[in-house]
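Subject: Structure for you to look at

Hi,

Here is the structure I promised to send over. Have a look at it first, and then read my notes underneath.

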Amino acid sequence: SRKVNFRLIAATNHDLKARMRDGYFRVDLYHRLNEIPLTLPPLSERREDIVPLVEYFLKEVGFRQNGNRDGVLRLASVLSLQDYPGNVRELQGRVRRLFTMGWDDIDRMIELAEMTESERDRTVRALKSCGWNRTAAARMLGISESTIRRRIEKYHLTEPVIG
C-alpha cells in the first residue's frame with residue numbers, strides 16, 4: 001500500500017443531471033466528481049478571452065513577436081470574429097496551423113485567417129460585434145469606413161431592428 005494525495009479535475013460538455021436521469025451516467029460517480037462544480041461558458045460567450053489566448057498560443061509555438069504587437073492584435077481580432085465550436089482547443093489548433101502555414105510571418109497568418117471566412121461573413125461578424133457601428137467595424141477589419149458601407153450595400157445587409 002502507498003498513500004497518494006492528488007486532486008482530480010474532470011470536464012464534460014454534457015448535462016450530467018440529464019444523463020443520470022436517462023441512465024447514461026452513474027449517480028454515485030456524479031456525486032464523487034461534483035464536489036466543487038465549475039461552469040465555464042463556451043468561447044463564443046467570452047470573446048474577450050480570444051486575444052490573450054492567441055498571444056499565449058503564439059508564444060507556445062515559438063512565434064517571435066519582435067515588437068509587432070499590432071500584428072498580433074490584428075490576427076487576434078480576425079480570429080475573434082470566427083466561431084469555435086471546439087472552444088479553446090479548436091482556437092489553439094487554429095493558431096498552430098496558421099503559424100505553421102504562415103512561416104512565422106504575422107501578415108501571412110492574418111491573410112490565411114481571413115481567407116477562411118467569406119468577405120460577407122467577416123463584415124457581418126464585425127458589424128454585429130461593434131453594434132453596427134460602421135467606423136468601429138471598419139477599424140476592426142483594418143479597412144476604410146467607405147469600404148464597410150460598400151459591402152453593406154453589396155451584400156444587402158440590414159441592421160436588425162430591436163423592438
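Below is what I found, going from the whole chain down to single residues.

First, the small print. This is a predicted model, where local features need pLDDT of at least 70 and side-chain atom pairs count only at pLDDT 80 or more, while totals for chains, interfaces and linings use all residues. Residues are numbered from 1 along each chain as its sequence is written, and side-chain values use heavy atoms, with hydrogens and water left out.

The whole chain

The chain has nine helices and zero strands (DSSP runs numbered from the N terminus, with H or I of at least four residues for a helix and E of at least two for a strand). Its radius of gyration is 21 Å, whereas a compact globule of 163 residues would come out near 15 Å (taken over C-alpha atoms; the globule rule is 2.2 Å times the number of residues to the power 0.38). The C-alpha trace spans about 70 × 50 × 20 Å along the principal axes. Of the 163 residues, 32% count as buried (under 20% relative accessible area; exposed is over 50% and partly exposed is in between, with a 1.4 Å probe and protein chains only). Among contacts with a separation of 6 or more, 53% are between residues 24 or more positions apart (contact means heavy atoms within 4.5 Å).

Helix 3 and helix 4

Helix 3 (residues 50-61) packs on helix 4 (residues 69-80) at about 120°, and their axes are 9 Å apart (axes are lines fitted to C-alpha atoms, for helices over the stretch in contact, and angles run from 0 to 180 degrees between N-to-C directions). That makes helix 3 oblique to helix 4 (under 35 degrees is roughly parallel, over 145 roughly antiparallel, 65 to 115 roughly perpendicular, and the rest oblique). On the helix 3 side, Ile50, Val51, Val54, Glu55 and Leu58 touch helix 4 residues including Val72, Leu73, Ala76 and Leu79. The residues of this contact divide into nine nonpolar, one polar and two charged (Ala, Val, Leu, Ile, Met, Phe, Trp, Tyr, Cys and Pro are nonpolar; Asp, Glu, Lys and Arg are charged; the others, Gly among them, are polar).

Helices 7 to 9

Helix 7 (residues 119-129) has Arg122, Thr123, Val124, Ala126 and Leu127 buried. Those buried residues pack against helix 6 (106-115), helix 8 (134-141) and helix 9 (145-154).

The axes of helix 8 and helix 9 come within 8 Å and cross at roughly 105°, so the two helices are roughly perpendicular to each other. Arg134, Thr135, Ala137, Ala138 and Leu141 of helix 8 meet Glu145, Ile148, Arg149, Arg151 and Ile152 of helix 9. This contact divides into five nonpolar, one polar and four charged residues.

Positive phi values

Gly131, just after helix 7, takes a positive phi of about 65°. Trp132 also has a positive phi of about 65°, although it is not a glycine. Trp132 lies in the loop between helix 7 and helix 8 and is buried, with a relative accessible area of 9%.

Asp104, another residue other than glycine, has a positive phi near 65°. Asp104 is in the loop between helix 5 (87-101) and helix 6 and is partly exposed, at 21% relative accessible area.

Cheers
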